[in-house]
Amino acid sequence: MRQTQLFTKTKKESPADEVSLNAELLIKAGFINKEMAGVYSYLPLGLRVIKKIEDIIREEMNAIGGQEMKTSVMQNKEVWEKSGRWSDEVVDNWFKTTLKNGGEVGLSFTNEEAHANIMKQYINSYKDLPVYSYDFKDIFRNETRSKSGILRGREFYWKALYSFSKNEEEHNKFYEKAKEAYKNIFKRVGIGHLTYLTFASGGTFSKFSHEFQTLTSVGEDTIYLDENKGIAINKEVYTDEVLESLDVKKEELVENKSIEVGNIFSLGTKFSAPLNLKYKNENGEEIEVVMGSYGIGLSRLMGTVVEVLSDDKGIIWPDNIAPFKVHLLTLGKDENVVIRAEEIYKEFIEKGIEVLFDDRDDVSAGEKFADSDLIGIPYRVVVSKRSLSDGGYEIKKRIEPNGKILTKDDLFDLLKANS
RNA sequence: CGGGGUGUAGUAUAUCGGUAGUAUCCGUGUUUUGGGAACACGAGGGCCGGGUUCGAUUCCCGGCACCCCGACCA
C-alpha cells in the first residue's frame, strides 16, 4: 500500500487524555481512534494487526477441532434468565436496551449462553459429541471504570471457544490440547517469552482455572512466578495449600504485575444443567453435557504487545502480526531514486510481500524515519541516492540500530529466509 | 461506585474579569531532502446550561465529558 493513499497520518503530539503507553502510541501512529472512554475504532493499520492476530488464533482453534461461527450480539433475555445471569444483581455490567414492543434485549457481555443455547438444537446423542464451537465477537461491558487504553474497554473484541464433551475425561483431554494451542498463540503473536500459564481460582467444577498472564508493570493482576517451571500462581489463590498441591516452593516464586491475555476454564454442568443441554448415551440415559470455556481478548492482546515491545521511538511489531512486513521509504525526489523505488515496490507486491510504501515526495528524510519507527513495521527498506551509489537498498530491522546495503537479489533472499 | 484532577483551533499548550497568544497540523508560494527543513502569506478556538457583572473563556452553581487512584472485571 502507498502511504500517500493511506488516510491516517502520524501525530507528533501525544494525546492529552491518554496516559497509557498502548493508547498513546497506537493513536499517534494512527492505528486506532478514540471514540469515548473505553471505546476505540480500529483504523486501517490497526485492523490489519487485529486480523493478523485473528488469523493466528483461527488457525490454532481449527487445529484442535474448533468450528467457527458468529453468534448474535443482541441476546435473548429468556435464555439468560434460565442461567440466572439476566438480573442486574447477578451481573451488573450488562448493556441492556428495550425493543419497540416493550421486550428487553442485552448486548453480549460473554458467550456461554449463546453457544449452549444453539447446541441444544444439535446435541442430542453421544454421537454428536464432542463439539468445539467458537467465535470472534465484539463484547460489551458497562465497566464502571475503563482504563489503560485498549487493555480494558467497554467495547472490545475477543475470541471465545466453548467445548461440549460427554464426560470429564473427554473434557480434560481437550482442555490440555487447548492449553497447548494457547501457548502456541502467544508464542506466534510474539509475547510467548513474557507470557505464563497461571493457576487461578476455578469455581465449582474444578480446582483451578488457567490464565495466560503477560508480565508488564501496567497489568492489573499480581502473580507469583516460578521461572524454572514456567508457571505462575495468581495472587487470588496464593496459599500454602495451593503451593503444595502444585509442588512449587515459596522461595522460588517472584512476585510480578501482569495482564491476563487469555484464560481457560472448566465449566462442568454449570450452564448445561440450567439450560437443559443433555445428550442420550448408549443406554438411552440422559446425561448433562460437560462444558469448558476458552477466551482471548484480541484487542487487549494487541495493546499488550504494544506495551511490552515498544521503545522510546515507537511500536515494535513482531513479524507475525505487523500490519506490513516491509516499510519502503524513498528519500529525495531524484528521478532515478523514484524509478528504482517504484520498481522494487512492484516487485514486493508480485512476490506477495506486504509492503507499505512511503512514496510521499514532500516529506523530509527525518520525518520519514521518525514515522517509520513510530509505526513499527519489522523491516525498513530505504531507496535513496546514497543507497543506490552504495550499491543498492538499505535494509534495517526495526529492533536493530543499524542497517546494511544489499543488492535487490540479496534483499529478497533475506526477506524470504525470514518469512 | 467512593476519592482526586482536568475541559481553550484537527493536535498540544499559554495568558487573562475588558479585541485569546504560541507550536504543530492545514492551504498557497519559493528554496530544501539520511533522523521530525527554512522563509513568507493565509485559514482555524474558549464543553453545555444558568448565575454574578457594564462586560465572563476567566469567578460561582449545575450538568456532561475525559484522565488518575481505589473497589470490580478478558
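## A walk from strand E18 to the RNA

Start by selecting Leu329 and Asp358: Leu329 stands opposite Asp358, which sits in E18. Keep in mind as you click around that this is a predicted model.

**The E17/E18 pair.** Add Leu328 to your selection, and you'll find Phe357 of E18 opposite it. Now show both strands in full. E17 covers residues 326–330, and its pairing with E18 is parallel, over 4 bridges. Is E18 covered on one face or on both? Colour residues 355–358 to see: Val355 and Phe357 are buried on one side, and Leu356 and Asp358 are buried on the other, so both faces are covered. As a rule, side chains in a regular strand alternate between the two faces of the sheet.

**The rest of that sheet.** Zoom out a little. E18 and E17 belong to an open sheet of 5 strands, ordered E18-E17-E19-E20-E21, with mixed pairing. At its edges are E18 and E21 (404–406), each pairing on one side only. Look along the sheet for the twist: neighbouring strands are turned by 25 degrees against each other on average, direction ignored.

**Ile321.** Step back to the loop between H8 and E17 and pick Ile321. Is Ile321 buried or exposed? It counts as buried because 23 other C-beta atoms lie within 10 Å, and the cut-off for buried is 20 or more. For a sense of scale, draw a distance from Ile321 to Glu227: the two are 94 residues apart in sequence and 26 Å apart in space, C-alpha to C-alpha.

**The RNA side.** Next, show RNA strand B and the residues around it. There are 47 of them, and the closest are Asp17, Ala37, Gly297, Ala365 and Gly366. Which helix gives the largest share of this surface? That's H10, with 8 residues. Select residues 365–375 for H10; among the other elements supplying at least two residues each are strand E16 (290–297) and helix H8 (298–309). Colour the surface by class and you'll get 21 charged, 14 polar and 12 nonpolar residues.

**Helix H5.** Now go to residues 168–189. These 22 residues should span 32 Å at 1.5 Å a residue, and the end C-alpha atoms are 31 Å apart, which agrees. Highlight the buried residues of H5: His171, Phe174, Ala178, Ala181, Tyr182, Ile185, Phe186, Arg188 and Val189. They sit on the same side of H5, because they cover an arc of only 150 degrees around the axis. Rotate to the face turned away from that buried side, and you'll meet the exposed residues Glu169, Glu176 and Glu180. Just past the end of H5, click Gly190, which takes a positive phi of about 110 degrees.

**A smaller stop: E4, E6 and E5.** Here is an open sheet of 3 strands in the order E4-E6-E5, with antiparallel pairing. E4 (74–76) and E5 (95–98) stand at the edges with a single partner strand each, so one side of each has no neighbour in the sheet. The twist averages 40 degrees from one strand to the next. Select E4 together with E6 (residues 104–107) to see their antiparallel pairing over 3 bridges. For one bridge in particular, pick Met74, whose partner in E6 is Leu107.

**Last view.** Finish with all of chain A on screen. Its C-alpha trace spans about 80 × 60 × 45 Å along the principal axes, and the chain has 12 helices and 21 strands. Of its 419 residues, 42% are buried.

Notes
Residues numbered from 1 in each chain as written. Chains lettered and ligands numbered in written order. Predicted model: local features only at pLDDT ≥ 70, side-chain atom pairs only at ≥ 80, totals over all residues. Near = placed C-beta within 6 Å. Nonpolar A, V, L, I, M, F, W, Y, C, P; charged D, E, K, R; others polar. Expected span 1.5 Å × (residues − 1). Buried ≥ 20, exposed ≤ 12 C-beta atoms within 10 Å, placed from the backbone. Arc of directions from axis to C-beta. Pairing = 2+ DSSP bridges. Axes fitted to C-alpha atoms, helices over the stretch in contact; angles between N-to-C directions.
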